[in-house]
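Me: Got a minute to look at a structure with me? Here it is.
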Amino acid sequence: IVGGDLVEVTPATPYTTDYNTMLSVGQQEINAIDNSGTYPTINTSVESFEDYDVVFVGYPLWYSRMATPMQAFLHAHAAKLSGKRIALFCTSASSSMAGTVTDARRLCADVTFLESLRVGSSSANNAHTSLVNWLGQIGVTTE
């Protein structure tokens, strides 16, 4: 919608396609982050964010938290993101995104967070309209 560059954050070890097993692994990774500060290894790295005024960070919710690969990405890139404006958006069937905003603020203390957007499963059909309206609210123009 904004014509920006897209970077996919991928885990070094792909997750299983079995939903219940993936949920279990996700919970173990969240516990490892919370208990020992151990983040999952990811394959994604960005050299610099100098060319960007706003960095959009999109992710699914896992147990009302930011997906662990995205937490790992923000953890690894916090210094490079310092001074930037970050716009968080997520998908969730039912949970609030408050826990994910807490995760992001913990990981990137030196950034300005813009108003966030949660796209729920019940509003997925109107996601484009919601995104355009949100972009206007945060002052980002569309192409």
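Reply: Sure, let's go through the aromatic pairs and then one helix; bear in mind that this is a predicted model.

Me: How many aromatic pairs are there?
Reply: The count is 4 aromatic pairs. In one, Tyr15 and Trp62 sit edge-to-face, 5.5 Å centre to centre with 85° between the planes.

Me: Which parts does that pair tie together?
Reply: Tyr15 is in the segment before α1 and Trp62 is in strand β1, so the pair joins parts 47 residues apart in sequence.

Me: And Trp62, buried or exposed?
Reply: Trp62 is buried, because its relative accessibility is 11% and the cut-off is under 20%. Tyr15 is partly exposed at 21%.

Me: What about Phe49 and Phe73?
Reply: They form an edge-to-face pair, 6.5 Å centre to centre, with 80° between the planes. Phe49 is in the loop between α1 and β1, and Phe73 is in helix α2, 24 residues apart. Both are buried.

Me: Which residues form a cluster?
Reply: Phe56, Phe89 and Trp134 form one aromatic cluster.

Me: Switching to α1. Which of its residues are buried?
Reply: Met22, Gly26, Glu29, Ile30 and Ile33. They cover an arc of only 100° around the axis, so they lie on the same side of α1.

Me: What do they pack against?
Reply: The buried residues of α1 pack against β1, β2, α2 and α3.

Me: And which are exposed on the other side?
Reply: Asn20, Gln28, Asn35 and Ser36 are exposed there.

Me: What comes just after α1?
Reply: Gly37, with a positive phi of about 70°.

How values were computed. Residues are numbered from 1 along each chain as its sequence is written. This is a predicted model: local features need pLDDT of at least 70, side-chain atom pairs count only at pLDDT 80 or more; totals for chains, interfaces and linings use all residues. Side-chain values use heavy atoms; hydrogens and water are left out. Rings of Phe, Tyr and Trp (its six-membered ring) pair if their centres lie within 6.5 Å; planes under 30 degrees apart count as stacked, over 60 as edge-to-face and the rest as tilted. Helices (H or I, at least four residues) and strands (E, at least two) are DSSP runs, numbered from the N terminus. Buried means under 20% relative accessible area, exposed over 50%, partly exposed in between (1.4 Å probe, protein chains only). The arc is that of the directions from the helix axis to the C-beta atoms. Contact means heavy atoms within 4.5 Å.
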